[in-house]
Every structure is written in C-alpha cells, then in structure tokens.
Amino acid sequence: MHIASVLIRRLLNAVGLLAAVLVLCFTLIHLAPGDPAEVIAGEMGGATQEMMAEIRAQYGLDQPFHVQLFSYLGNVAQGDLGFSFYFDRPVTELIIDRLGATLLLVVSALLLAIFLGTFLGVVAARNPNGLISHFVTVLALFGYAAPVFWTAIILLILFASVIPIFPASGGMYDITGPDDPLSRILDIAHHMVLPVITLSTIYLAFYSRLARASMLDVLGSDYIRTARAKGLAEVVVVYKHALRNAVLPVVTFAGLQFAQLMSGAVLVEAVYSWPGLGTLAFESLLRRDTPTLLGILFFSSMVVIVANLLTDIAYRLIDPRIRSGAK
Amino acid sequence: MTSFSKIARATAAAALVLGMAWQAQAAEPKKGGTLTLLTSQVPRHFNPAVQSGTATGRPGTQIFATLLRFDEGWEPQPYLAESWSWSDDNLSMTVKLRAGARFHDGHPITSKDVRFSIETVKANHPFKTMFGAVESVETPDDLTAVIKLSQPHPALELAMSSALLPIIPEHIYAKLEEGQSAKNHPMNATPVGSGPFKFVEYKQGEYIVLERNDDYFLPGLPYLDRIVYKIVRDSSQRVITMEQGEADFYTEVESINIRRLEKADNLIVSDHGGEAIGPITWLAFNTKRAPFDNPKVRQAIAYAVDRNFIIKALQRGVSKAATGPIAPSSPFYSADVETYDIDLDKANALLDEAGLKPNGDGIRLAASIDYLPALPEQQKNIAEYLKPQLKKIGIDLTVRNAPDFPTWAKRVSGHDFDMTMDLVFNWGDPVIGVHRTYICDNIIKGVIWSNTQQYCNPKVDAALEMAGKEPDLAKRKALYAEFQKTVAQDLPIYWLDVVPYTHVHSKKLVNPPLGIWADMHPLDKVGFAE
Amino acid sequence: MSDAAREFEQKLRVESPAREAWRMFISNNSAIVGLAIFTLIILTTFVGPLVYTIDPFELVWAPLTPPGEEGWLLGTDYLGRDLVAGLLIGGQSTLAVGAAAAIITITIGITVGALAGYYRGWVDEALMRVTEFFQVLPPLLLAMVLVMLFEPSLTTIAFAIGVVSWTSAARLTRAEFMRIRELEYVKAARSISASNARIIWRVILPNAAPPLIVSAALSVGTAILFEAGLSFLGLSDANVMSWGKLIGDNRPAILAAWWPVTFPGIAIFLTVLAVSLIGDGLNDALNPKLRRR
C-alpha cells in the first residue's frame, strides 16, 4: 500500500478520533459535581452569590449544555482552544509552557527503557538459563511490579535527602542559578535524572523481555543458521542481523505505549514536582478547568496518534515482508 | 487610634514583647541576596483586590502597598498612609498619604487611587463586611482621603493592611475594554503596584520571581534584590527542600514534619507569627436535618469526640485547642464556654434522652461525615478517627469521599450533608471572618462558607450586630463573650483546634516575617546576615 | 521389556495439549515460585483475618508506632491503626478490585476483539475506531474522571480500571480470531453452516484462549497497580481498607515513618510479581513458539 494513501486515511481517522475525544470528555467533565465558580470561591475563602453568578456568566457556564459544547467545538475547529477558567490565559499558552517538559520526560524515559531494556534482553538471550538472565528478569520485574510513585518516593528520599546528590525541590531547573544556555542545560539534565529513571522502570521489564524473546526466536531460526554457516564472526551475527529483526516488535509497541507513559508521567511529575502536562491535567480536573483539561487531552491524543503513525511508517520501512506488498 | 488596637496591644502584650525582643536581637541585614520561599498553592493571578486567599496574598503584598501595616503587634504602623485620624463620632477617618510615592510605572499615588481601590475591593471582595460600612470616600486634595462610614466600624484599620486593601493604580484599571472588569483585567497577571518588589515572571505552577523596587517610597529598603516563590506541591518534598537549604522560608502545618524540622541544624522553627489569621478546624452539623436538629444529639457527639486526643496524639501536641468561634489569639476570645470534654457516659445518656435507642447490634444511628480535601491532618484524619470513636456511642459513621474541592463544596453549600469537617479563618477582626458563619441571613444555598449549618438564633444575630459597630472595646468584648457562650450552648458547630501555622526559616535570615500576618506582609525589612 | 524399550514407549505416547502445558508450567521454576507466592498471599489475606481478628479501622495504639514496638509487628499507621490488620483486610479489597477489574477488562476486550476479528468488514472498522479511541486517551486521566464522576468506591474504581484497560486484550483477541478464522477446521465449520455464535464460542475461542489467559493473568497485576495509583492521587474508598489506601494515606508522613508506606508497597510488589511470573509461565507453557530453548 502506498504510504501516501495510508497517511491520508490515518489523518481523516485522526480528526474523527480527536472530535470524539473532545465530545466525550467535555460531557464527562460537565457531569462531575461542582464547577469552577466553586473552586474560585474556595480559593478566595468564600464568595457571595452574586460573585459566583458573575463567574459563571463570565465563562458561559450558565448556558445550556449543548450550547457550551457546540461553542467549544466550533472554537477548536478554528484553532482556538479557549481560555483557562482558572488562569484566564489562553489554553494553548499554558500547554506550550509545559509540553516540552513532559515530552522531554516521556521520550527520555521511553528511550532509556528501550535501549537499556534491549541491551539487558540481548545479554540475557545469549545465555538464557544463566545467572545473568535470571538477574535481568528479576531486576526488570522489580521495576514493573513496584508502583511507580512508590519507587519515585523512595528514590527521591534516597538520593535527595539521605545521599543528597540530586535536587530536593524538584522542578526542571533552578531559577536562582546561572542562566547561560550551557549551565541551564546541565541543570535540566541534573533535575531530569531521577524522574526519567523512575518513569523508565515501568517499561524496562517489558522491553528486556521483548528483546530477549525476539532474540531467542531469531537466534534459533534458519536465517541465523545460514549466516553462521557463511562464517561471519559471531558478534556480527548476533548484533547486526538478529538485532535488526528483533527491533521490529520494539518499534511497534513504543508508539502504543505513549498514552500509558503519559499516565505514568502524572504520578512521577507529582512526586518530583516536574512541571509537565501530567500535573497540569490532574489539577485542571480538580479545578474543573475544562478548557485546559480538554486542551491537554487533545494534545496528548495528537501526540499518541502521531507517534503511532510514525511507528507504523517505520515498521513498514523496516520490515521487508510488508514493504513488498504482501499483507 | 481606635480602642480596638489600644486594648488589643494590651492583651497581646506577650506577643508584642516577644516581637520587640526579637527585633532587638536582629542586626541590620546586608544589602542584596535572593530570598526563596516555598508555597504549595498555585495562584491564579496577583491582584489581591479582586482575589482573596494566600496564594495571591503572599506575592500580592510585595507588589502592592497598603495604607497601614501591622508588624509584630496589633498596633497599626504608617505605610502608604503617613498619618491618619478619626472624627469624634467615629464615622469618619481621614488619611494623609506620603508625598512622592509612585507606582512601579512612575505614576504618582494620589487619594483618587485610594478611593478607587476601596471601591474596587468593596465591589469584588467576598468579605462584604470589610468595607460594607463605607459610604463614600472624599478626596479634598491629592494626598488626603476622607472615608465616610454609615456606622462605627472598628475593623476598618485592620482591613487596611496585608492583602485586604492593596492600593491599585486607577489609571490602569479604569481603562476597560469590552467585557473587561477589574476581575479579569489582563494586568492582573503582570501587575503594577507600589510595593517593595516588582513583578518579573510567573512560570505557571512552578515559580514566581519578583525584583527589588529601587524607587520604593521607604528609603533604604528593601534589603533583598530578589524574591522567588517556589511552588512545591508535595509536603515531604517541601521538608527536604528546606533541610537541604534550597529555600529560606515557608509555613508548615503538618505536625509530623514540624517535629522533624525542629531537629534540623540550619533551620529555626517558630510558632508565633500569623496571629491575625485565626484558622479553626471544626466539626459542623447540618442543623436542619434530623436527628442533628436536636441539640442533645449534637452535644452527645461533642462529648464523644476527644479533643485532647486529637491534639495530643493525632497532631502531636503541636496545635492548640479551639473552644469556640473566635480563635484564642484574638483579643475577643472568651474561655467561659462549655467545652464538652470527653465523657462517653454523658454522650450515651443524651442520645437515650433524644430517643435514639440502640438496636440489636448496638447501633443507634447511621450517619455520614464529609471533610475538606486539604490538610489531611486537620480534616481527613479526624473524620477517619471519628469512625471508630463514634461507634462507641452507637453511631455507624460512613466517611464520604471528596476527591476534590468542588465536589465537597457543592455538597456542603447545597446543604446535602449530615456532618462535615471544615476549616474557616477568622481574618483578624470577628466582623470579617466570624459573623458570616452564624447569622440568619447568611444562609445562602450554593455559597460555600456561608452559614452552611443553617443555624439561626435571633439572639445571636442581635449580639453580633451590636458588637460589629460598638466602638467601646470593653462593651464589645462583653457582647462577643455572650455570643460565644450562646453558640457553645446551641452547638451548630463543635470547634476542635487552631491550625498550627508554624513558620520555618533559615538561620541566615534576619527579620523573618513573623508578624501577625506572617509573610502576607511586605518583606522590605527582611534580609540575610553577613 | 528392557528399560530402554520402556522409555522409548513412553516417549511415543501422545500427550493432550492441556497436559503438556501443565507439565511445562510445573517444570518452570519461576512460575512455581510465582504460584507459591500468590497462593500464600491469597491464604493470608482471606484466612488470616479469621484468626487475627483486630479491626483495621480501630485505633489500637499511638499513631506511627514503629514496627516491633509494644507488640505491634508491623507498627501502626498515621491514626494509630494496626498495620497487620490493615494489610490482611486491605489485601482482600485490593485483590478483589484487581480480579474484578481484570474480569471487566477481559470481558470487554474479548467481546470487542472477537466480533471485530470474526466479522471483519464494517463491524471491524467500527470496533477498531472505538478501540483506538480508548487507546489514545491516557488511561489514568480517564479513570480519574470516571471515578470522580461516580464517587470513589470499590465498585467504581474497579469499573473505571476495567473500562480503560481493555484495549490490549481486544487487539490480542482480534489478531487471534483473524488468524484462526482462516484455518482449515474453522472453514470446515462455516461450510457446514454452523451458526456464527457456535463457531465463535465452541471453535475459535477455545483455540484463541492461551494468549488470552496470559493476558487475563497479567491484567490482574496491572489493575492492582492502577488501584494503588488512584489511591495515591486521593481517589480511594475511605470506608474500605486497601493497600493503595494505606500508601496514599500515609504518604504525607513518609519522612517520619517509612513502614506504613513500605509494607503495603512490598505487598503490592509481591502480588504483582507473583502474577507476572504466573503469567510468564503460562505464556511459556501455552505458546508453542517459545518452547524451543
């Protein structure tokens, strides 16, 4: 199938999907008890009836539900994600402020899980019943089986308090530190270490086992026997041919796991005060700040769709069987 | 000087002496430095005139100056107001502004800004009683404002301090576009005030940066170059941040952390400061819902709740008991009330008298309790403690979950509850924060922190109305004492403890903000030691 | 008959697939360990409270008493409640939520996947759109919205977890159904006009079962982790003790008391580990491809 026609089809799909996401979530949030007027009243230590009515009128919350929904969708179609009920700033601005932080966290964690996991899986595959293989299994399973926020709390206390080598106050960088680009980048890297490691533990097990299974599969196949018979050095055999084919399933799953990683990011960001979309989404929900929450769901869904699309294309490029048109 | 502040100073003598001793100890701080404060809250914007609460108040009191300030005692100090005086009939207050004070954009501050600010706050602030008695503000000249009252208003001076009456620039806020008001004015996010620090940057949800106002109207101040508010949501993280020296000041409320911080070498833990706030944790009843409409049932529950246990065990002795609607740190506090100390036998007897006999399983009544989803040590923990405790008198208590504030607020303001934990502030003068909970015509469905208990006692209403406008302090105290006694008898609410706002700061800090408004107060005199 | 001959004869005996799978499972060391741990956990949480009768909600001693002191084996929590009782009773709820959520997940997943994989065409298209929809939303956020909407209780939490987790089971089922559908014996069944329902239930599903069983086992673990995450964010049932609730409630005190957070964390970890090992073992036993070792 032509990549172009695949793309077009997927794009149409994506638009429909995003619309469905927005409608459903708008409805769900609308059904939740309370509204932003209550939130604002709460923060102010109380409010009068008139003030609450004013707030509701200001944000169109006194309109009937379908009016609110259509007006919102209409705006989105024109590229306007609306204003945050809570911050009175454009939602797009709020999201752009934090999107980078989350992407940095999630992509780094995924890459770490993939590379480290694959490495461990390959090592384990070379000696499937040996000590290292079992050790890898246990280590990876530990990361998967321990609740991610629990791991985060333990790591934070161990490495920011007991052995203080990482920043305790969290955040992405130290505002009171030097702000030349190089220092800033190093500072961000310093702040990033614990959150990224924590988030990657979720998928470390997955990728190491995936790599191990794929490697075992491939190592026993005819393809490899032929390669060995040709007399190529064993190292080349393993790491070039086998690895290349084992990468396929990894690529497939990476795109799919984006959404789940965003979930994990909510918990990790909460513990480390990492200024990403996860905490913003959670807090928007608590504040009934519908435009912001919907804006984030919109963005994250888009990211997932794009990631899926890219992995789909990559898959087709890598896997020769599909490229030849066989289905 | 009103009689309120005169006697307030006398009764708060201990606090003042402490404060003065503290000031005598402090050397003059060095010039410069960045002060880092921790906060758990995310502010919407920075104009306290249209948004109350501490999230806006903390940075707001640095950006905006007020007419008066109250430092360590209850004695008002000149701030933007150089001097002020009252008419003999207490219905008019004349304020003289400092000459040469300017906003951050260079515009001079005039009495017109004062009038505009009072009108804006009056129209937009949720506490209507603060400036409700103000009829008009006259501006005979640029530096004089005359505030005319419809009745005596002893709370007025306090209302002119901290975050309650920031002087906002009329030349900015009077220019409104279509659909704009002071409430949603874009300048609220990047405000122009006249305070010791100017707004620089707000990274939403992360940090706020303020910098020194070189043109500040108090010469030689402020000492600091910059103030940074770091927003850290997790309580344990705030603790280790302070321990690691990554921040210089914050307020802790959880007793478990307070005990830990007391052991840190680089920190000082102080329990004075913030006396004006008066935050009380209490157990409220829905007095229009059976069987809680029967005072005997309410009293029985009060006798079953062990306030002492809550304070000593659950809060590790860090908090103080609250026995009534007015906080113990207030000059109007009266201890002459029924305190309902733990007495299970009496509780059981009262329930028998109320006609709630135990069934076969020993259960008299099934009830539910809500709680404010914040400060677990003050709210959720107590609600959960009540579950096994009230079982002892035959009440099968279900704790209703409130995952977030709007869920809880909607229930309670909609009068859809049996009992609820709550946390409400006094805000200095009882007129501002106390009256609203007990007066009959503040029973408004849909408004949180109105009289959600639906309590109505005309005697109480009368006492409060008189106390609100009584200029003579002794008479005022007597009226409030009568009020406290009556309400403790009717018991629409059972008061438990005063939230222990404990201030933790670095040893390097000179003149830490420990006055009656704590850090909701200009930090112009704060600095670092050499 | 000689020993060699007897051995040879035994090798020729054909084993049923189920027996073969069971044998493979039993000989897998980690699977056995997993099964043992899991059995132990089930026994402790369901039988334990019959013997150890302390009410997990009762305030038994001073709050945050360290483990071992005053006879409280694992100490007390932030209110002074016994942690052993909390773990025992809490285990019941946590496991119940995990099982219920897994059942919901598998039921929805199999239904969607089977219908999509069997009927193909527009049914497949429509169901795949629905699946994509749920895949694209971050599961925790959607679960949070649902739980908040219906008020946190064990039922709503299990329901919410089930609703957001079914997509991988659906994809798996669909792939299996699409594959098996084309096999000879299925084609044969269709040619004799067996009803669709019969084919799906009696013919395809049993053969698609192996990877689905694995998926079901693993989703119990995922559901338990999910419940813990929701509790951590404050969305737990205040009237029911669970491991997630213990962690979430005791988290503010963690700097002063490591035990009320650590022990439930370890309990969750062991359970999820055990379930994963069992799932792995089932995978190895039921999945023919990986038998070549």
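**Exercise 1.** Which residue follows helix 11 of chain B, and what is the sign of its phi?

*Solution.* Helix 11 of chain B is followed by Gly355(B). The phi of Gly355(B) is positive, near 90°. Helices here are DSSP runs of H or I with at least four residues, and strands are runs of E with at least two, numbered from the N terminus.

*Basis.* The model is predicted: local features need pLDDT of at least 70, side-chain atom pairs count only at pLDDT 80 or more, and totals for chains, interfaces and linings use all residues. Residues are numbered from 1 along each chain as its sequence is written, while chains are lettered from A and ligands numbered from 1 in the order in which they are written.

**Exercise 2.** Find the buried and exposed residues of helix 11 of chain B.

*Solution.* Step 1: apply the cut-offs (buried: 20 or more other C-beta atoms within 10 Å of the residue's own; exposed: 12 or fewer; partly exposed: in between; C-beta atoms are placed from the backbone). Step 2: in helix 11 (residues 344-353), Ala347(B), Leu350(B) and Leu351(B) are buried. Step 3: these fall within an arc of 100° seen down the axis, so they line one face of the helix. The arc is taken from the directions from the helix axis to the C-beta atoms. Step 4: the face turned away from the buried side carries exposed Asp345(B) and Glu353(B).

**Exercise 3.** Describe the surroundings of strand 18 of chain B.

*Solution.* Step 1: 6 of the 6 residues of strand 18 (residues 493-498) are buried, so the strand is largely enclosed by the rest of the structure. Step 2: strand 13 (residues 279-285) runs antiparallel to strand 18 and is joined to it by 5 bridges; pairing requires at least two DSSP bridges. Step 3: Ile280(B) stands opposite Val498(B).
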